[in-house]
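Here's a quick tour of a protein model, pitched for someone just getting started with structures. Have a look at the picture first, then work through the points below.

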Amino acid sequence: MRTILLALGVSSVVALNAQVTFENVSTAAGLTYQGRSWGSSWGDINGDGFVDLFMSCHQHQYEPYFDNDSIQIFVNTGDGHFDGTIYTLDDGGQSDIHGGVFFDQDNDGDKDMFIVTGGIRYEIFFRNDGGTHLEDIADQVNLIFENARGRQTTCVDVNNDGLTDLLINNQRVDNPPGQGSVLMLADQASGFIKDTTSGFNDPQSRVSIISDLNGDGHTDICVVNGTYLKIYSVTQDGQFTEEAQLDISNIGDVSIADFNGDLLPDIFVARGIQHETDIQLFNDSAIHASCNVRGNTPPCTARFRTEGPITVKMSLEDYRAFNIHIGNDSVITDVEDRQTFTLYPSTAQGFQDPLSFPGGVNCSFGYLPDSSWKVEVAKTGPGGNSVLMEITSNSPITNFTSNRYAADGFYRA
């Protein structure tokens, strides 16, 4: 995923239905990171009055094709540009980075940052004391949730004590605090303490958002997991009451705004599909692919031309061994995780149909008689996997075609 900064323009300030246009100014603004990211957030980290940008970048140098994939803060220089070199973030070597939020934890007037992580990683907390080198001190403020699969955090002072509390959305229910999503109440002595009396009880969730949905002047909180959206009302002293639950499948995110201009808050729910496949020409010398072969999905296929050898980097979502077939008769067996190799036209002549092999996931590369390359990931029998792949060449890649499909159907690129 490439970071994109959009400049908003309105063609008329008079007409109610004014035409709205956007211009991509990312490169001019200095936001040139290309890679995976779980998300971004805004906050004035240095107190100069300009909002700065945090990028999670997700895997932190683990992905096979993004060497600069590490968390970053891009400082807003105030002239339409961002500088990603000012702050260094020492996160202790964490990876699988998810949502980060700016907030003032110690009420000293500057923005600190809390970041959740997935998998078996620990959360990250940076206290901002005015320097540009920030170190993780999550253990010092009681914000460690091992194996919690954190996704996003909502900042809100639920009990109106003047301190910012954290509703941490986690997706694993067996982490040490005893449940997935947790409400951590700010405490001046210890940093944070886990709430046990407010009535908030959601075993797992992806995101949450605050609003005043019923117009009573008090905070309401929407909490979302993959299958439902819950609405809680919150009293002045921080007690939660579940007001409604909407059962909706495949929820990925939610936002609240007055979308139709009737002065009432509306809820927009973004839904998604898991394990989507996408093969695309990333630039004139690189192909990026996320090949999900599970269930009854068809093979993941691409064809292209280029001069000279190609370099392939691959990694697997699930640690299940599979084979890579090259040309008419070569094979790399029992690939379990990451693999990097170079293929030459002279040694990759021909193509082996991956569907012709016994049950499991197989990947085939071949140089065909028409001087084009073909790559295909497919499975036979039960099981499956998701294969991340980058193919690069020192020469331009041309005549690129691929099939792309989603979990609920097949479509052509």
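One term before we dive in: two residues are in contact when they have heavy atoms within 4.5 Å of each other. Keep in mind that this is a predicted model. It's a protein of strands for the most part, with 33 of them and one helix.

**The big picture**

- The protein has 413 residues, and 46% of them are buried.
- Take the contacts between residues at least 6 apart in sequence: 49% of these join residues at least 24 apart.
- About 19,600 Å² of the protein is exposed, and carbon and sulfur atoms supply 49% of that area.

**L185 and its company**

- You'll find L185 in strand β14, which covers residues 182–187.
- L185 counts as buried because its relative accessible area is 16%, and the cut-off for buried is under 20%.
- Which residues does L185 touch, once its neighbours within four places in sequence are left aside? They are V158, N159, D165, G191, F192, I193 and D195.
- D157 sits 28 residues away from L185 along the chain, yet their C-alpha atoms are separated by 8.4 Å.

**Strand β9, covered on both faces**

- Strand β9 runs through residues 112–117, and six of its six residues are buried.
- D112, F114 and V116 lie on one side of β9, while M113, I115 and T117 lie on the other, and every one of these is buried.
- β9 pairs with strand β8 (residues 97–103) in the antiparallel sense, over five bridges. In that pairing, F103 stands opposite D112.
- β9 also pairs with strand β10 (residues 124–126), again antiparallel, this time over three bridges. Here I115 stands opposite I124.
- F103 turns up again in an aromatic cluster, together with F125 and F192. You met F192 above, as one of the contacts of L185.

**Strand β23, another covered strand**

- How many of the residues in β23 are buried? The count is nine of nine, so to speak a full house.
- A286, H288, S290, N292 and R294 point one way from β23, and I287, A289, C291 and V293 point the other way; all of them are buried.
- β22 (residues 278–283) runs antiparallel to β23, and five bridges join the two. A hairpin of two residues connects them, and I279 has A289 as its bridge partner.
- β23 is also joined to β31 by nine bridges, with the strands running antiparallel. C291 is partnered there with V387.

**Nonpolar cores**

- The largest nonpolar core holds 30 residues, and V312, M314, F365, V377, M389 and I391 have the most contacts inside it.
- Several elements give two or more residues to this core, including β23 (286–294), β25 (310–316) and β31 (384–393).
- Apart from that core lies another one of 18 residues, among them F103, V141, L143 and V182.

**Aromatic rings**

- The structure holds nine aromatic pairs.
- One of them is F341 with F365, an edge-to-face pair with 5.6 Å from centre to centre and 85 degrees between the planes.
- This pair links distant parts of the chain: F341 is in strand β28 (residues 339–343) and F365 is in strand β29, 24 residues apart.
- Are these two rings' residues buried or exposed? F341 is buried, because its relative accessibility is 9%. F365 is buried too, at 1%.
- K374 makes a different sort of ring contact to look for: K374 lies over the face of F351, at 4.6 Å from the ring centre.

**Two residues with positive phi**

- S371 isn't a glycine, but its phi is positive, at about 65 degrees. S371 lies in the loop between β29 (360–367) and β30 (373–380).
- S371 counts as partly exposed because its relative accessibility is 35%.
- N399 isn't a glycine either, and its phi is positive at about 50 degrees. N399 lies in strand β32, residues 398–406.
- N399 counts as exposed because its relative accessibility is 55%, and exposed means over 50%.

Technical notes:
Residues numbered from 1 in each chain as written. Predicted model: local features only at pLDDT ≥ 70, side-chain atom pairs only at ≥ 80, totals over all residues. Heavy atoms only, no water. Buried < 20%, exposed > 50% of the residue type's maximum accessible area, 1.4 Å probe, protein only. Helix = DSSP H or I, 4+ residues; strand = E, 2+ residues; numbered from the N terminus. Pairing = 2+ DSSP bridges. Phe/Tyr/Trp six-rings, centres within 6.5 Å; stacked < 30°, edge-to-face > 60°. Lys NZ or Arg CZ within 6 Å of the ring centre and 35° of its normal. Core = buried A, V, L, I, M, F, W, Y, C linked by side-chain atoms within 4.5 Å. Areas by Shrake-Rupley, 256 points an atom, 1.4 Å probe, with all protein chains shown as cover.
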